[in-house]
Amino acid sequence: MMTMINASGLSSDARRERIALLGLTSPAVMVVMLVMVVPVGWLFYLSFIGSDGTVSMENYRRMLDSRSYTRIFVTTFQVSMLTTVLCILIGYPLAYFLSQLPARAANICMLAVLLPFWTSLLVRTYAWLVLLQRQGILNRWAIDIGLLDEPVQLVHNMTGTLIGMVHIMLPFLILPLYSSMKAISPDLMRASSNLGASPARAFWTIFFPLSLPGLFAGALIVFVLSLGFFVTPAVLGGGRVVMVSMQIASNIELFFNWGAASALGVVLLVLTLGILFVASRFLKLDTIVAKGH
Amino acid sequence: MHHSTALPISISAVTKAYGAVHALKGVSLDIQAGEFMTLLGPSGSGKTTLLMAIAGFTRPDSGSIRFGDQEAILSPPHKRGVGMVFQNYALFPHMNVARNVAYPLKLRKVAKAEVDAMVAEALETVQLAGYGDRAISQLSGGQKQRVALARAIVFKPRILLMDEPLSALDKKLREHMQIELRHLHEKLGMTTVYVTHDQREALTMADRIAVINHGSLQQVDTPRKIYESPANRFVADFIGESSILPVVRDGNTIRFDGNALKTVTAPPDGPLALMIRPERLAFVTDASRDEVNTFAGNVLELVYQGDSALCYIELSNGTTVALRANTHAGGPLDSIVEGASVTLGLHVADTVLIPAGRDA
């Protein structure tokens with residue numbers, strides 16, 4: 001039999017290392033408990049408290065009964081979906097353009113994409129209000145050059161909300177998309193061309209499929225962030241575009257109904273988690289398909 | 001797969017400058033149909049630029065590249081119909097092996113049944129029969145290499161380009177693949193242009209080698225001619241090991257350390273230098289044979305390398321020369337030690353005089 005030299009010393013050393021690592025992670029675990037688990041638990045608890053202070057399903061029943069709540073959820077998904085689609089339509093060509101530029105130029109252009117990212121959300125939203133309103137720059141300019149006879153309604157409606165949200169969400173789509181495009185070796189496009197593919201053919205058969213994981217990731221971030229968006233639809237929607245987050249705010253500010261607000265929050269959270277779960281399954285499936293094909 | 005119609009490539013006066021850097025300074029090169037031509041040079045010599053110009057990925061500033069009697073320099077890469085193996089393989093990661101190999105066939109609208117047969121045949125040619133369903137990520141480096149090769153030959157191109165295809169493989173596999181590529185070329189017969197910076201690889205594989213440096217061709221010749229009669233000092237230095245020694249010209253007599261050198265052919269014009277390959281030099285005891293030039297010296301250092309030993313010998317005029325000695329029992333290593341006085345013999349046919357200048 002082999003002699004086990006230092007076996008017990010080595011195993012107790014390994015145990016000490018595990019304990020030390022556990023000790024190092026405990027502050028993070030405590031922070032997560034304090035700022036995540038406790039508030040979310042509190043939210044769940046509140047959502048099951050009725051107006052008379054007893055445990056009830058009242059808040060959830062109201063959501064099912066009232067048609068206005070259904071409309072709010074439909075609007076929320078509609079706005080998020082449209083924002084995502086518009087971001088893809090605008091962001092994909094832009095990210096492609098950036099990915100094909102030489103490094104220096106790409107960095108400068110990327111700065112232009114990121115710059116609005118660093119200015120206050122509220123400032124940007126009000127800036128759109130200034131640009132888009134009836135007496136705003138856009139309308140006046142269009143009338144001046146004879147494009148329009150009278151101003152069109154660009155704000156305080158769905159159009160304004162979408163313009164503002166697309167502008168704010170675009171970087172979230174472009175960043176992951178750009179990095180996945182940068183990872184596509186130019187040699188792959190050369191190989192495709194060498195094997196007989198026209199530039200358009202090479203793009204659709206090689207570049208586009210390889211950029212899809214980045215596109216999915218970006219689109220998912222935009223969609224999920226849009227679901228809970230508040231400031232931009234509140235300012236640019238002019239009360240005509242009511243999303244879940246705005247209903248939550250009015251439940252608290254106008255009706256002091258914490259139970260109803262919490263229930264809305266819970267439903268939004270669960271729906272978002274559900275979408276993330278489905279999407280992650282879908283994405284994982286996608287990578288498996290790509291590997292096992 | 002028979003390529004009775006392999007195309008010759010005729011390159012003339014191709015120039016390409018990147019700003020102030022002249023990557024190609026008017027390169028002209030004729031590659032015969034079915035020939036295995038290797039472009040050999042150090043990095044930055046212009047060999048890859050030339051290959052990319054043939055493939056159509058680099059647009060030269062001027063010149064002509066003809067495939068057969070067709071001018072190719074103006075056509076886009078996807079219309080040139082040349083196969084190419086890339087340095088990093090450039091396999092499509094979202095397609096399996098069979099779909100990678102079928103890619104050029106689908107672009108050419110080959111019928112489904114025929115595609116399957118051609119893919120199977122190409123995979124068999126590169127000894128990967130049955131690997132069609134594998135994902136690219138499941139392959140080893142050598143297997144990726146073979147898939148890249150199968151994809152480049154499956155559509156039966158009449159010209160095949162290879163850009164340092166073996167540089168990512170380990171030494172054993174690389175040497176094995178060199179022989180295999182050579183056999184494949186004999187079997188398929190397509191005109192092949194192969195870029196490498198590895199002089200041994202070039203010597204092993206090529207019908208002819210085009211040595212390129214600073215954007216100009218230095219010498220275009222068979223491996224043996226390149227090795228044994230380099231056209232200039234750069235070629236002598238870059239290919240194989242060599243000692244380059246100064247000689248004095250005295251009319252048509254060339255003297256080294258005062259003694260006239262015996263050569264097979266009349267020496268070329270201009271200032272010259274003596275090139276000695278280490279393995280062509282030997283220890284001799286009889287210094288009087290006619291077909292041998294002899295030199296006296298002292299052994300400075302002896303480096304044992306297993307299959308051979310490298311001896312550095314200081315000659316009587318103070319220059320140092322390298323000699324590669326056999327290591328078999330009863331060979332020179334039995335008696336040679338550092339510091340020993342020795343006589344070296346160099347056959348007149350191995351006594352090579354080259355222009356003393358650095359470049360062509």
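Student: Which domains does the domain assignment give for chain B, and which residues does each span?

Tutor: This is a predicted model, in which local features need pLDDT of at least 70 and side-chain atom pairs count only at pLDDT 80 or more, whereas totals for chains, interfaces and linings use all residues. Residues are numbered from 1 along each chain as its sequence is written, while chains are lettered from A and ligands numbered from 1 in the order in which they are written. The bounds come from an automatic or database domain assignment, and for chain B this gives domain 1 (9–234) and domain 2 (241–355).

Student: How many residues of domain 1 of chain B are in contact with domain 2 of chain B?

Tutor: The C-alpha centres of the two domains of chain B lie 39 Å apart. Two residues are in contact if their C-beta atoms, placed from the backbone, lie within 7 Å, and on the domain 2 side 6 residues take part, facing a domain 1 side of 5 residues.

Student: Which strands of chain B stand at the edges of the open sheet, each with a single partner strand?

Tutor: Strands are DSSP runs (E, at least two residues) and helices likewise (H or I, at least four), numbered from the N terminus, and two strands pair if DSSP finds at least two bridges between them. In chain B, 4 strands form an open sheet with antiparallel pairing, in the order S2-S1-S4-S5. One side of each edge strand is left without a neighbour in the sheet, because each has a single partner strand, and these strands are S2 (21–31) and S5 (70–71).

Student: Is strand S3 of chain B largely enclosed or left open, and why?

Tutor: A residue is buried if 20 or more other C-beta atoms lie within 10 Å of its own, exposed if 12 or fewer, and partly exposed in between, with C-beta atoms placed from the backbone. B:Phe36, B:Thr38 and B:Leu40 on one side of S3(B), and B:Met37 and B:Leu39 on the other, are all buried. Since 5 of the 5 residues of strand S3 (residues 36–40) are buried, the strand is largely enclosed by the rest of the structure.

Student: In S8(B), which residue is the bridge partner of B:Thr38?

Tutor: S3(B) and strand S8 (residues 191–196) of chain B pair in the parallel sense over 5 bridges. Within S8(B), the partner of B:Thr38 is B:Tyr194.

Student: Which helix gives the most to the side of chain A that touches chain B?

Tutor: Between the chains, 19 residues of chain A are in contact with 19 residues of chain B. Helices H8 (186–194), H9 (199–227) and H12 (258–292) of chain A each supply at least two residues of this side of chain A. With 6 residues, the helix that gives the most is H8(A).
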